[in-house]
Amino acid sequence: MIPSIHKRGSKTIGLIRYLYGPGTHEEHIDPHLVAAFDPLTPDPGRDPSATYEHLERLLDQPVNALARGRRPEKHVWHLSVRASPEDPVLSDEDWAAIARRTVAATGIAPDGDERACRWAAVRHADDHIHIIATLVRDDGRRPRLHNEARRAQAEARRIEADYGLRRVTPGDGTAAKRPTSAERHKAERLGQEAASKELLRKHVHRALAGAANEAEFFDRLAAEGVRIKKRIAPSGDVLGYNVAIVGDRNKNHEPIWYAGSTLAPDLSLPRIRKRFTAPTETETQPTALERSGASAPARARYAAARTADAALTSLTAEADGTAAAHLIGVGEVIDALAQTSPGTGRAELREAARHFERATRSHIRAKDEEMYALRRAARQIVHSGTALGRGQDGAATALLLDVMILAVIAAARWHAARGHAQQAEAAQHAAHHLRTAYQATATVPLAALRAYGERLPASKRHHHTTTVRTALPRLADRLQSEPGWEALTAVLDQAERAGFDTATLLVRAAGERELDSTGSASDVLVWRLQHLGYVTAPPRRPKPKASPVPAPATAAMPRQDVVRRRR
């Protein structure tokens, strides 16, 4: 059950006409009164002799009794209470009781207070009611409405428990504001997939993912196709920014602008600037992966996997400020993947980014410097271009998604341990979409590896089976029974041909994190072994005899001669 407090107004009759009218899309059905401050309150919906003006005069009487200079300018209070789609249809009596509990909890009409504000609850749909009240009590005083939104939410949680309704996760005040019903209806009229506020939030996050500085952020935001209006100080400094959807105009045919801070608390320009302050990057020597000829998207994804893997520890062991910063970085990496991944998983990645955006905000202050490594990883992904869905690109994307799933699951647990119910739920939704994207992405590279493994000579297959049983005796039976076993033997063969001690690699890969909760331990080990093969130089030892089986088109381990040239 979701209570929403709307903007205060100055015309009682205007809101009454809307509540009893047909609605902007003829969606209002049988508007009628379910409860009011006085049981004898006239109902224009079902009483032919009652008019809108009668109800207006009754509600406004305490306001009009004051001298004009003492009347509040915005005296109309408006709250809607909406049930969840899966909730049963409540009766008028149920909604009347809910209305009374809500006005009591918010301070509009406390229980037993006979001199409280005047109010009325109107129902014009099965799933919600509207409460209108005037903000002058019968004794001429103003009501005490401090934190009325939070108190309405708390009462809604108690109502859900009492009526057996869906339990909505409580928030902490850091969520982005939901679009109003008017904004949603306007989006439908314009043929938009979502309300302008939601679309703009998505565009800003996409532009921000990995942006190195303010200029790049605004350039990428312009490339998203939105209108931008900067607020400039007399000194020439940029104070803030507003954005608008092209074609979204008000009744005067002017663009409807939204400040960054109204899209989400962390999208104000001062908050965004904190993400740009990064230490100077130093030049590094080319890595074995770069020398091996891997594509730019593959290199960016392997590097991001390594960075995200290191950040995972902070979500279980480091200080809260460090973990909060890494959550912001993880969100940018997901946004970057959603922009540059092939079509097979892009829609799911966009949904994952949309959900995880909620998990990046809480009242825990992030240590800004701790997010820079992940932000650089996101930047490399964006600038490397769109990845292919096969070969090294596909394998690298699958590896990174495997790591990101673990990071998002860790984020859900981190938030749950701190009582951040909405953030934990959002992270769980993001993990679901990441798993779906992983399944779509991993199909092609895993199929190629399985085909490679199936073509190995029996002697080689027996050799790799012995290695697994020696290195991972507790997991060996499970691994051999999984569909991914052939792909695992393929990667072990590639690693051995590249000069690695495969038993040592297996122990390292299995020891990074537990495998009991994974759906396919063999698939996880495939990506971990591929990752270790790109970040670990093999020991100096004679190169084994080459296998007669040609390497597949998927990402192979770095060649030994490549690694040795690096040394």
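Which residues have the most contacts inside the largest nonpolar core? In this predicted model, they are Ile334, Phe356, Met404, Val408, Leu434, Leu479 and Trp527, and the core they belong to has 87 residues. Helix H15 supplies the largest share of this core, 15 residues. Apart from it lies another core of 27 residues, with Ala99, Ala109, Ile129 and Ile159 among them. As background, nonpolar side chains in soluble globular proteins tend to be buried together.

Leu434 is a good residue to click on in your viewer. Beyond its neighbours within four places in sequence, Leu434 is in contact with Ile334, Leu349, Ala352, Leu401, Met404, Ile405 and Val408. Three of the names in that list, Ile334, Met404 and Val408, also appear among the residues with the most contacts inside the core.

Now let us step back to the whole chain. The protein chain has 22 helices and eight strands, and its C-alpha atoms fill a box of roughly 100 × 60 × 40 Å along the principal axes. Of the 567 residues in the chain, 53% are buried. If you take the contacts with a separation of 6 or more, 73% of them are between residues 24 or more positions apart.

With that overview in mind, we can turn to a pair of helices, H12 (residues 320-340) and H14 (residues 372-384). Their axes come within 8 Å and cross at roughly 5 degrees. Angles under 35 degrees count as roughly parallel, and H12 and H14 are therefore roughly parallel to each other. On the H12 side, the residues that meet H14 are His326, Gly329, Val330, Glu332, Val333, Ala336, Leu337 and Thr340. On the H14 side, their partners are Leu374, Arg375, Ala378, Ile381 and Val382. Sorted by class, this contact has eight nonpolar, three polar and two charged residues.

Each helix also deserves a look alone. H12 is mostly covered, with 20 of its 21 residues buried. At 1.5 Å a residue, H12 should span 30 Å, and its end C-alpha atoms are 31 Å apart, so the two values agree. H14 has 13 residues and reaches 18 Å from its first C-alpha to its last, close to the 18 Å expected.

The buried residues of H14 are Tyr372, Leu374, Arg375, Ala377, Ala378, Ile381, Val382 and Ser384. What covers them? The covering elements include H12 along with helix H6 (196-208), helix H7 (214-223), helix H9 (269-276), helix H11 (296-312) and helix H15 (391-417). Just past the helix, H14 is followed by Gly385, whose phi is positive, near 95 degrees.

One of those covering helices, H11, contains Ala304. Is Ala304 buried or exposed? Its relative accessibility is 1%, so Ala304 counts as buried. Not counting residues up to four places away in sequence, Ala304 touches Ala377, Ile381 and Leu400. Ala377 and Ile381 are among the buried residues of H14. For a sense of scale, the C-alpha atoms of Ala304 and Lys74 are separated by 52 Å, and these two residues are 230 residues apart along the chain.

Helix H15 offers a similar example in Gly394. With 0% relative accessibility, Gly394 counts as buried. Leaving aside its neighbours within four places in sequence, Gly394 is in contact with Leu388, Gly389, Thr441 and Pro445. Gly394 and Ala424 are 30 residues apart in sequence, while their C-alpha atoms are 29 Å apart in space.

Finally, let us visit two loops, where a backbone check picks out a pair of residues. Asn147 has a positive phi of about 60 degrees although it is not a glycine. You can find Asn147 in the loop between strand S5 (128-134) and helix H4 (148-163). Its relative accessible area is 38%, so Asn147 is partly exposed. His253 is another non-glycine residue with a positive phi, near 65 degrees. The loop that holds His253 runs between strand S7 (238-244) and strand S8 (258-259). Here the relative accessible area is 61%, so His253 is exposed.

Key
Residues are numbered from 1 along each chain as its sequence is written. This is a predicted model: local features need pLDDT of at least 70, side-chain atom pairs count only at pLDDT 80 or more; totals for chains, interfaces and linings use all residues. Side-chain values use heavy atoms; hydrogens and water are left out. Axes are lines fitted to C-alpha atoms, for helices over the stretch in contact, and angles run from 0 to 180 degrees between N-to-C directions. Helices (H or I, at least four residues) and strands (E, at least two) are DSSP runs, numbered from the N terminus. Angles under 35 degrees count as roughly parallel, over 145 as roughly antiparallel, 65 to 115 as roughly perpendicular and the rest as oblique. Contact means heavy atoms within 4.5 Å. Ala, Val, Leu, Ile, Met, Phe, Trp, Tyr, Cys and Pro count as nonpolar, Asp, Glu, Lys and Arg as charged, and the others, Gly among them, as polar. The expected span of a helix is 1.5 Å times one less than its number of residues. Buried means under 20% relative accessible area, exposed over 50%, partly exposed in between (1.4 Å probe, protein chains only). A nonpolar core is a set of buried Ala, Val, Leu, Ile, Met, Phe, Trp, Tyr and Cys residues joined through side-chain atoms within 4.5 Å.
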